[in-house]
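Please look first at the sequence and the fold shown below, and keep both in view while you read. The paragraphs that follow begin with one residue and then widen to the strands around it.

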Amino acid sequence: MEDRNSSTAKSHKVLLANRSTGAFGGVIDVLSFDVAEILLETELGMLLIKGHDLHVNRLSLEKGEVDIAGRIDSLTYSDVKSAGKQAESWLGRLFK
């Protein structure tokens with residue numbers, strides 16, 4: 001049986017149209033949102049969306065999909081998951 005958490009199974013999709021609407025796939029959770037920022041946890045790390053008058057139009061965590069609208073100024077990724085794995089392995093080695 002295939003492991004769903006393997007790195008080959010992870011998928012993340014961004015479809016941005018005219019900097020005013022966005023469709024995102026591979027979303028695990030919406031951590032915070034307001035009219036200026038939306039913070040998403042995705043399969044491939046954290047995604048911070050900045051803009052003006054941002055709204056979450058559709059949210060389906062079962063499918064891992066989020067649709068947003070508003071003026072999108074920036075998309076910024078951070079690789080928090082891999083940093084956590086490195087810290088975990090370091091702590092694991094320390095307490096062996």
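Two residues are said to be in contact when heavy atoms of theirs lie within 4.5 Å. With that in mind, and remembering that this is a predicted model, we can begin with H12, which is placed in the segment before β1, the strand made of residues 13-17. If we leave aside the neighbours within four places in sequence, H12 is in contact with G25, G26, T42, L44, L47 and Y77. For two of these residues the atoms involved can be named more exactly: a polar atom of the H12 side chain lies 2.8 Å from the backbone oxygen of G25, and the side chains of H12 and Y77 are joined by a polar contact of 2.8 Å.

From this residue we can move to the sheet. In general, the strands of a sheet pair through backbone hydrogen bonds, and they may do so in a parallel or an antiparallel way. Here there is an open sheet of six strands with antiparallel pairing, and the order across it is β1-β2-β6-β5-β4-β3. Because β1 and β3 (27-33) stand at the edges and have a single partner strand each, one side of each of them is left without a neighbour in the sheet. On average, neighbouring strands of this sheet are turned by 35° against each other, if direction is ignored.

It is helpful to walk across the sheet from the β1 edge. β1 is joined to β2 by five bridges, with the two strands running antiparallel, and within this pairing V14 has F24 of β2 as its bridge partner. These two strands form a hairpin with three residues between them, in which N18 takes a positive phi near 55°. β2 in turn pairs with β6 in the antiparallel sense over five bridges, and here the partner of A23 is D67 in β6.

The next step leads from β6 to β5, the strand of residues 45-60, and these two antiparallel strands are joined by twelve bridges; one pair among them is V56 with I68 of β6. β5 and β6 also form a hairpin, with four residues between them, and G64 in its turn has a positive phi of about 75°. At the other edge, β3 is joined by five bridges to β4 (residues 37-42), again in an antiparallel manner, and F33 stands opposite I38 in β4.

Side chains add further links to this picture. How many salt bridges does a search of the whole structure find? The search finds five, and R19 forms one with D73, where the closest N and O atoms are 3.0 Å apart. Since R19 lies in the loop between β1 and β2 (21-25) while D73 lies in strand β6, the pair ties together parts that are 54 residues apart in sequence.

Finally, we can turn to the surface, where V14, L16, L75 and Y77 make a nonpolar patch of about 300 Å². Both β1 and β6 (65-78) supply at least two residues of this patch each, and L75 is placed in strand β6. Two names in the patch have already appeared above: V14 is the residue bridged to F24 in β2, and Y77 is the residue whose side chain makes a polar contact with the side chain of H12.

Definitions and conventions. Residues are numbered from 1 along each chain as its sequence is written. This is a predicted model: local features need pLDDT of at least 70, side-chain atom pairs count only at pLDDT 80 or more; totals for chains, interfaces and linings use all residues. Side-chain values use heavy atoms; hydrogens and water are left out. A polar contact is a pair of N or O atoms within 3.5 Å; within protein, one must be able to donate a hydrogen and the other to accept it, and residues adjacent in sequence count only if both atoms are side-chain atoms. Two strands pair if DSSP finds at least two bridges between them. Axes are lines fitted to C-alpha atoms, for helices over the stretch in contact, and angles run from 0 to 180 degrees between N-to-C directions. Patches are made of residues with over 30% relative accessible area and no salt bridge: like charges are joined within 9 Å, nonpolar side chains (Val, Leu, Ile, Met, Phe, Trp, Tyr) within 5 Å. Accessible areas come from the Shrake-Rupley method with a 1.4 Å probe; for residues, only the protein chains shown count as cover. A salt bridge is a side-chain nitrogen of Lys or Arg within 4 Å of a carboxyl oxygen of Asp or Glu.
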